[in-house]
Each structure stands twice: as structure tokens, then as C-alpha cells.
Amino acid sequence: MKRGKKYAEAAKAIDRAALYDVNEAIALAKKSAVAKFDETIEVHIRTGCDGRHADQQIRGAVVLPHGTGKKVRVLVFAKNAKADEALAAGAEYVGAEELIPKIQNEGWLDFDVVVATPDMMGVVGRLGRILGPKGLMPNPKAGTVTMDVTKAVNDIKAGKIEYRLDKTNIIHVPIGKASFTEEQLTDNFQTLIEAINKARPSALKGQYLRSVTIAPTMGPGVKLNPTKLA
């Protein structure tokens with residue numbers, strides 16, 4: 001795969017065979033974020049889970065202490081008092097059945113997270129084929145199906161991220177921006193790893209964290225020592 005000059009230059013500072021500690025890895029990831037925009041710092045975790053088995057699934061959410069650095073647009077499916085609550089909490093969009101044709105027929109997807117009260121899940125379920133593949137379907141495990149819409153919206157705005165296994169049993173999550181300080185990124189990373197360690201499925205035998213890599217959006221990955229993080 002052909003890489004750009006900036007990528008090649010940044011990669012020279014990273015030993016591909018080495019396993020770094022958290023502080024070193026974050027410092028290197030920040031240095032290698034040389035794009036003209038404020039790159040996202042991402043964490044990619046390859047697990048020993050087999051997501052085809054229900055008892056080895058991983059899904060949850062955690063509030064990063066310093067947020068993600070990204071403005072998050074929230075859509076809440078709710079009615080009456082709960083709809084008023086969602087608006088008061090700062091949700092960009094609030095509605096019910098009337099939003100279905102807008103999403104289904106007009107392809108409207110100008111939101112990043114969807115929250116729903118339990119009584120609205122019958123309505124939201126009709127959007128499963130659209131929201132599901134994009135990872136936008138509300139889920140109780142992620143705290144996005146709830147009667148406490150105020151807390152849900154506040155948490156999301158404060159930097160709540162969702163983590164889940166993809167089809168290759170890898171978890172991909174942002175932990176902030178390249179403009180964050182090393183201390184902020186380290187705090188966010190430690191909070192994430194603690195949550196993922198707690199989410200280890202009891203059915204899993206053998207090594208849980210196979211590899212952990214930190215990387216900026218456009219830069220090379222820096223590998224951490226997974227045994228020190230477990």
C-alpha cells in the first residue's frame with residue numbers, strides 16, 4: 001500500500017516491532033498527527049473473543065473524563081414530558097413517528113447518536129435496517145434506551161462513547177483529538193481500558209486483549225503491551 005511522505009516520515013519514529021507503554025505510545029501518536037486538521041486519536045483493540053457466540057459479545061459505553069473533542073448531534077425519540085426533557089438537556093433533534101419517513105424516504109441522517117425511551121422502541125425498530133448497519137440503533141447496554149433522557153443526553157455531550165466488537169472481534173474507539181494534552185489522552189485511555197477489562201466475558205478462555213494500538217486518523221499505529229493492560 002502506497003503511503004504519503006508525511007506518513008512515511010512519521011513512521012520512522014516508531015519501531016514496528018516494539019511494544020510501548022501508554023505514555024510513550026500517546027506521545028508518539030500525537031507527534032505523528034501531522035495532517036492539516038485536528039486528527040482524532042483512536043484506539044484499536046483486538047480481543048480473543050469470538051463474537052459469533054452470544055456469551056462472548058462485548059458492548060457497552062463509558063464517559064471519557066475529557067470528552068472526545070467532537071461536537072455530538074443527538075436525536076431523541078420521545079413524547080410529551082420526555083420530549084421536553086430531551087430538548088431542555090440540549091438534544092439537537094427530538095421527535096416520534098413523524099421522523100420515520102424523513103429518515104426512511106429522505107435519507108436524513110444528520111445526527112451522531114440516537115436515544116429512545118423504551119415506549120418508543122416499537123417505532124425506532126422500524127428503522128433497524130437503516131440505523132443498525134451504521135451503529136446508530138439505541139441499545140439498553142449502551143444506555144441509549146432509557147427513561148432518564150436528561151442523563152443520557154448529558155453523558156453523550158460530556159464525552160460518552162460506545163464500544164463494541166466488530167465482525168473481526170476488534171473494538172475501535174476514539175479517545176480524543178491530537179490537540180489534547182498527553183495527560184488528557186492518558187486519562188481517557190485509562191478510563192476506556194478499565195471499562196473494557198470489566199466487560200471481559202466470563203465465557204472467554206485464554207488471552208483477552210490480543211493487541212492494542214493507538215493511532216491518529218492519518219498516521220501510523222503505535223502498539224502497546226497488552227499484557228500490561230489486562
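This passage describes aromatic pairs, a pocket and several individual residues in a predicted model.

In this predicted model, local features require a pLDDT of at least 70 and side-chain atom pairs count only at pLDDT 80 or more, whereas totals for chains, interfaces and linings use all residues. Residues are numbered from 1 along each chain as its sequence is written, and side-chain values rest on heavy atoms, with hydrogens and water left out.

The structure holds 2 aromatic pairs, a pair being counted where the ring centres of Phe, Tyr or Trp (its six-membered ring) lie within 6.5 Å, with planes under 30 degrees apart termed stacked, those over 60 edge-to-face and the rest tilted. The pair of Y93 and W108 is edge-to-face because the planes of the rings stand at 90°, with the centres 5.0 Å apart. This pair links distant parts of the chain, 15 residues apart, since Y93 belongs to strand β4 (residues 93-95) and W108 to the loop between α4 (99-104) and β5 (113-116); helices (H or I, at least four residues) and strands (E, at least two) are DSSP runs numbered from the N terminus. W108 also forms an edge-to-face pair with F111, for which the centre-to-centre distance is 5.0 Å and the angle between the planes is 65°. Ring pairs thereby link Y93, W108 and F111 into a cluster. With respect to accessibility (buried under 20% relative accessible area, exposed over 50% and partly exposed in between, with a 1.4 Å probe and protein chains only), Y93 is partly exposed at 29%, whereas W108 is buried at 10% and F111 is buried at 3%. In addition, the charged end of K102 sits over the ring of W108, 4.3 Å from its centre, a description that requires NZ of Lys or CZ of Arg to be within 6 Å of the ring centre and within 35 degrees of the ring normal.

The largest pocket has a volume of about 780 Å³. A pocket is here an open set of points on a 1 Å grid over the protein atoms alone, where a 1.4 Å probe fits and protein lies on both sides within 12 Å along at least five of seven lines, and lining residues have an atom within 4 Å of a point; the volume is the space filled by probe spheres set on the points, which are joined across faces, edges and corners. The lining of the largest pocket comprises 28 residues, of which D112, V113, I161, E162 and P174 lie nearest its centre. Two or more lining residues are given by each of β5, β6 (160-164) and β7 (170-177).

Two loop residues were examined for their surroundings. T117, in the loop between β5 and α5 (121-124), is buried with a relative accessible area of 1%. The side chains of T117 and D119 are joined by a polar contact of 2.7 Å, a term for a pair of N or O atoms within 3.5 Å in which, within protein, one must be able to donate a hydrogen and the other to accept it, residues adjacent in sequence counting only if both atoms are side-chain atoms. Leaving aside neighbours within four places in sequence, T117 is in contact (heavy atoms within 4.5 Å) with F77, A78, K82, T146, M147 and V149. N139, in the loop between α6 (128-131) and α7 (149-158), is buried at 17%, and a polar atom of its side chain lies 2.7 Å from the backbone nitrogen of K141. Residues up to four places away in sequence not being counted, N139 touches R59, T144 and V145.

Positive phi values occur at N80, with about 50°, and at N169, with a value near 65°, neither residue being a glycine. N80 lies in helix α3 (residues 80-89) and is exposed at 64% relative accessibility, whereas N169, in the loop between β6 and β7, is buried at 16%.
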